[in-house]
Amino acid sequence: MKRFIILSLAAITACTVTLGSGSIKTAHAEDQTLNPDCKSAYLCDYQSGTQVYAKNETERLPIASMCKIMTLLLSFEAIDRGELHYDEMVTVSENAAGMGGSQIFLDANLSYRADELMKSVAVCSANDSCVALAERIGGTEEAFIARMNERAKELGAENTLFANCTGLPKEPQYSCAKDVSVMLRELLKHQKYYEFSNVWLEDFAHPDGRTTQMTNTNKLIRYYKGCDGGKTGFTNEAGFCLAATAKRNDTRLISVIIGAKSSKSRNASMSQMLDFAFNCYENKTILECGQEIEQRAAVRGSKTKEIAVIAENALSAFGKKGDQENCSVEYQISEGLKAPVQQGDEIGTAVLYVNGVETGRTKLLAGESAERFSWWDAFRESAQKWN
């Protein structure tokens, strides 16, 4: 593998953030005075996963409907694998239709589009839709729950155990604020999710012609600038819970609250945490999505000797405003590339390091095609050399 390094410094101005009735200047971690009114909380950068704030972040607690983050994740991943399709009609069982709690009032033995069921889970936390999807994907709800726990372990969510796909009270089941952030971060990789999570008010059409109105349970979608996703939760055991994401400019954050005393307190604490991070941290883009790097890739067996190399996704360095971060990008381009190479083919990797620690990576793609030598091309080149 070839390596090529670019060094860049991210220097940004200091900031002031208002918390309650006072304000603090924040340039160092010890200056943080966040104290959300809840049992547990976690705040991090989406791209790198860098922690900004934590409060009892690994304490095992009930998380109510936030467990539907995993239900949605497995649904999207089933679609990615071709095991489920958005326009597929899913028949609702008596078991699914009979779920209590928040629901969309599905009719047993009728069929609904999979994407409409997923939307109802994302928007209004429909328990009946959760079970219908679980039974379709897993065969049984129990098999789906087993897969939820497997996927949690694969993501490194070691303080998580699911007992159902809805978050309704059932023992034993638990998670923690940090694990919830990990699950939401994975869900946010699916762009279709944002189409669902941004719905504020919409009618859900049933096959028999009736409609049920869906209202987004995450009020920050409408009232907090940049919030475009997340999942609420409430049971008497869990208290008021919320996992949310918000994006401003190049910075996307993930924040989790477990065990707030009221919906109002939950939303206020979440807004305060996000305000703090947006005011005092930022992502500085080091490599743009689609940017052509300086190094070119050599290709054997083609009259095109070298081709342009571009980044598939952006790489950004997350840090405190006012701090200087030592950033470097290492380009690892495959050696021995042979024609034909098509534009868009993966030909390497770009790795971002911040202060010597890897914080992100993206694929490097061929920016142009390199066709294989034809017989006539080879003859003509040989003739030119002979002359």
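Strands E10 and E11 form a hairpin, with 3 residues between them. The model described here is predicted. In this hairpin the two strands run antiparallel and are joined by 8 bridges. One of the pairings sets Lys231 against Ala243 in E11. Strand E10 spans residues 227-235, and 8 of its 9 residues are buried, so the rest of the structure largely encloses this strand.

The hairpin belongs to a wider sheet. Five strands make up an open sheet with antiparallel pairing, in the order E5-E4-E12-E11-E10. E5 (51-55) and E10 are the edge strands; each has a single partner strand, so one side of each lacks a neighbour in the sheet. On average, neighbouring strands of this sheet are turned by 5° against each other, direction ignored. Within the sheet, E4 and E12 run antiparallel and are joined by 6 bridges. Here Leu43 stands opposite Ser255 in E12. Helix H9, residues 263-280, packs on the sheet. H9 touches E4, E5, E10, E11 and E12, and its direction makes about 150° with that of E12.

A second set of pairings involves strand E20, residues 346-354. Of the 9 residues in E20, 7 are buried, and the strand is mostly covered. E18 (residues 324-333) runs antiparallel to E20, and 7 bridges join the two. E20 also pairs with E21 (residues 357-366), again in the antiparallel sense, over 8 bridges. Tyr353 takes part in both pairings: Tyr353 is the bridge partner of Ser328, and Tyr353 stands opposite Glu358 in E21. E20 and E21 form a hairpin with 2 residues between the strands. In this hairpin Asn355 takes a positive phi, near 55°.

Helix H6 covers residues 177-187. H6 is mostly covered, with 8 of its 11 residues buried. The buried set consists of Ala177, Asp179, Val180, Ser181, Met183, Leu184, Glu186 and Leu187. What do the buried residues of H6 pack against? Their partners include both helices and strands. The helices are H1 (68-80), H5 (141-154) and H7 (192-197). The strands are E4 (40-45), E11 (239-248) and E12 (251-260). E4, E11 and E12 are also members of the open sheet described above.

Glu77 lies in helix H1. Is Glu77 buried or exposed? Its relative accessibility is 9%, so Glu77 counts as buried. Leaving aside neighbours within four places in sequence, Glu77 contacts Arg151, Glu186 and His190. Glu186 is itself one of the buried residues of H6.

Helices H4 (residues 127-138) and H5 also meet. Their axes come within 7 Å and cross at roughly 85°. The two helices are therefore roughly perpendicular to each other. From H4, the residues involved are Val131, Ala134, Glu135, Ile137 and Gly138. They meet Glu141, Ala143 and Phe144 in H5.

The cysteines were examined for bonding. A search of the whole structure finds 0 disulfides. Why is Cys38 not bonded to Cys241? The sulfur of Cys241 is the closest cysteine sulfur to that of Cys38, but the separation is 9.1 Å, too far for a bond. Cys124 is likewise in no disulfide. The nearest cysteine sulfur to Cys124 is that of Cys130, 9.7 Å away. Cys38 counts as buried, at 10% relative accessibility. Cys124 is buried too, with a relative accessible area of 11%.

Overall values complete the description. The protein has 10 helices and 21 strands. Buried residues make up 50% of its 387 residues. The protein exposes about 17700 Å², of which carbon and sulfur atoms supply 47%. Among contacts between residues at least 6 apart in sequence, 63% join residues at least 24 apart.

Terms used
Residues numbered from 1 in each chain as written. Predicted model: local features only at pLDDT ≥ 70, side-chain atom pairs only at ≥ 80, totals over all residues. Heavy atoms only, no water. Helix = DSSP H or I, 4+ residues; strand = E, 2+ residues; numbered from the N terminus. Buried < 20%, exposed > 50% of the residue type's maximum accessible area, 1.4 Å probe, protein only. Contact = heavy atoms within 4.5 Å. Areas by Shrake-Rupley, 256 points an atom, 1.4 Å probe, with all protein chains shown as cover. Pairing = 2+ DSSP bridges. Disulfide = S-S within 2.5 Å. Axes fitted to C-alpha atoms, helices over the stretch in contact; angles between N-to-C directions. Parallel < 35°, antiparallel > 145°, perpendicular 65-115°, else oblique.
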